[in-house]
Each structure stands twice: as C-alpha cells, then as structure tokens.
Amino acid sequence: MKAETIVALKEARASRRAVVLATRLSDAAEALVYPDKAEGDLAADAAVVAAARRAMETGRSETVDIGGQKIFLNVYVPPARLIIVGAVHIAQALAPMATMLDFDVTVVDPRGAWATTNRFPGVKVVKEWADEAFDEMGLDVSTAVVTLTHDPKLDDPALESALKSDAFYVGALGSRRTHARRKERLAEAGISEEQFARIHGPVGLNIGAKSPAEIAVSILGQIIEVRARRLEALSAPKVAAA
Amino acid sequence: MSDALDILDQVDKWKASGKGVAVATVITTWGSSPRPVGSQLAVDDSGAMVGSVSGGCIEGAVVTEALASIADGKPRLLDFGVTDEQAWDVGLACGGKVQVFVEKVS
C-alpha cells in the first residue's frame, strides 16, 4: 500500500465519495477505482476496474480471480447519512439513536430557536432552509431524509428536493390525512405520483409508537429495513431479461 | 468502515514520524471467523499495533510477518486455520479459516 493511497482514501471519506482499493496479491500493485475514474498501477486493466465497480455496488469487499491473478477489492463506501428536517422533540430522540447506529446525522431547521447545538449535542446542526442545505450537501444513495416539522412551509421544499435526489430513504411525519393533503400540494409543485410514492408516510414501522423515543425507533427500524432490502437486491444474482 | 479509516489515520501518523509500517488485511474467510473481510491491523517497526484481524488469536503470528515485510519490502499471503492441528497451533480455536494479506506501506 502506498502512502498516497492512504491520503486518497481519507480524501474520499471527507468528500463522501465511494472508492474501491484493488490490490494484486502477487506484488501489491494497486488501483483506486472511483465511480467515474481509476488511478494507479492497475487502472489500465479494464477487468480489474469493472470488478471493482461491481464490488462498489454491493458494498462487499472480496478477493476475485482475474486472468489467474488474485485481486483483493477493498470497498470504502461513505457511512450512511441521516438528515433530519425539523429540530423538534422527536429529532432529539432520533439524532442520538441514529448516531449509535453509525449514521452520520445532520439536523436541518431554519428556525434559530430550535436549531441549537445545545438541543443536539454531538450532532451537526444546520440553520438553513432544507432545500438550500440539501444543494450544498448533495444527497447520495447512502443518504436518508426524514421530515418532522409538521409545517408544509418547511417540510414540502425538503421533500421536493429529496425526491429529486438519489436518497435511498425519504420519510415524512404526519397522519394519513396530512399525507393526502401533502400529495395534492406536491403534485401542484410538479412531483409525479411515482415520485411521491417513494415517501414513507405516515413515517416509520407500524409498531404502535407513541412517545418521541418510540417514534424514533419505528423510523430507524424502517430505515434499516429499506437499506437491507436494497443491499439484498443489489447482491442477488441478476436474472437476464427475457 | 470508519474503523478501517481510523487505522489508516494511525498509519499516516506513523509514516509522518518516519516509522516503517505494514498493513495486514483479512481478504478471505471461510466458516465462522471472528472478523469480516476488509478488517485491518497496522503494525509499526517497533511492533506497536492498531486494529485487528481476528479475536486476538492470530495477531501474534501476523505481527511477526508484518515486521518481516517492513524489513524486506515484500508482500505476504498468510493462511490460518487450515486444519484442526494448525488451528490449535496459531490459536484460531474458533474453527474458522482466514487468509490475511500483509504489505509494507511505501
């Protein structure tokens, strides 16, 4: 392993970019394979780069045999991120629980009295409108978004922006009635039925949650389930189209 | 994963202070093994280590090979737990098999 490789891996983490380090076991020759480029000794080997990108999809590190050479593919994917819109009571339970589950947590709320680090120790707090904050953060496939404000002024722009992103999970707090009205408003804003169907609403697994902490558990249970199903689907053998 | 990068942070610090460093990585596992593929152990030239490639059973043998790799610059591929007898020898009593790749950080 080269010292420069370590620097590149750390840079990828800081910028939340997925990267695979491919190493040929016979001589420790390497390539760093990103979604859009490859660098290093093995970067010109198309078979290695293709295998690395497949491993990136499934998120699983493994040793593969390419042309009689053993290549180890070490996958570095950014940690899952949870963006909570609304620095409300449920968020105060959700943020520490999600942190415990290794999510990189950010709370977004433009209202100064709510979005204070006092209320959210150890968590990133962004005092901005969600859609503006999302533009800066760039929502990728390892990002989950939950809106909790109950206020269409705050929730709607966040949902609109999240539905146009690659976020693997989008959830919105609110009753069935609230959710139906939300659908009408977002339709007027140009969100299609198919896009709207991506929203988990009412949010969370139906476990009879009542308290903020219980609701946080139901939301996290659902996020874990959605993520696991997605990874299962990605690692399942692909069936050839008829 | 943050775990893996914390180990690389330490490697960075060791390199910056002029130490020789090797990194050992679990590259294949069979059966029950204590640490998943991708787990890493970094070793400096004084034998100090960070991370793990097993529940503590094979670290001793891996550190020996890591020091040898720092000395001669060559990578090494180590197999542990192939037979019951060998498993007992290296202390991989958990019954699993692991393959560990050891390389010097250049």
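The following exercises, each with a worked solution, concern a predicted model.

Residues are numbered from 1 along each chain as its sequence is written, while chains are lettered from A and ligands numbered from 1 in the order in which they are written. Local features need pLDDT of at least 70 and side-chain atom pairs count only at pLDDT 80 or more, whereas totals for chains, interfaces and linings use all residues.

**Exercise 1. Determine how many helices and strands chain A has, and what percentage of its residues is buried.**

Step one is the count: chain A has eight helices and eleven strands, where helices (H or I, at least four residues) and strands (E, at least two) are DSSP runs numbered from the N terminus. Step two is burial: of the 242 residues in chain A, 40% are buried, a residue being buried if 20 or more other C-beta atoms lie within 10 Å of its own, exposed if 12 or fewer, and partly exposed in between, with C-beta atoms placed from the backbone.

**Exercise 2. Work out the strand order of the five-stranded open sheet in chain A, and state which strands stand at its edges.**

Begin with the pairing, for which DSSP must find at least two bridges between two strands. The order in chain A is β3-β2-β1-β5-β4, and the pairing is antiparallel. The edges are therefore taken by β3 (38-39) and β4 (62-66) of chain A, each of which has a single partner strand and so one side without a neighbour in the sheet.

Next, take the partners of β1(A). Strand β1 (residues 19-24) of chain A is joined by four bridges to strand β2 (residues 30-33) of chain A, with A:Val20 opposite A:Val33 and A:Leu21 opposite A:Leu32. These two strands form a hairpin with five residues between them, and A:Ala28 in the turn has a positive phi of about 65°. Towards β5(A), six bridges are found, again antiparallel, and A:Thr23 stands opposite A:Phe72.

Finally, consider the surroundings of β1(A): five of its six residues are buried, so this strand is largely enclosed by the rest of the structure.

**Exercise 3. Describe how helices α1 and α2 of chain A lie across the sheet, and identify the buried side of α2(A).**

First, place the helices, using axes that are lines fitted to C-alpha atoms (for helices over the stretch in contact), with angles from 0 to 180 degrees between N-to-C directions; contact requires C-beta atoms, placed from the backbone, within 7 Å. Helix α1 (residues 3-14) of chain A lies across β1, β2 and β5 (69-76) of chain A and runs at about 160° to β1(A). Helix α2 (residues 46-58) of chain A lies across β1, β2, β3, β4 and β5 of chain A, at about 40° to β5(A).

Second, find the buried side of α2(A), which holds A:Val48, A:Ala51, A:Ala52 and A:Ala55. They cover an arc of only 100° around the axis, taken from the directions from the helix axis to the C-beta atoms, which puts them on the same side of α2(A). The buried residues of α2(A) pack against β1, β2, β4 and β5 of chain A, while the face turned away from the buried side carries the exposed residues A:Ala46 and A:Ala50.

Third, look just beyond the helix, where A:Gly59 takes a positive phi of about 75°.

How values were computed: Contact = placed C-beta atoms within 7 Å.
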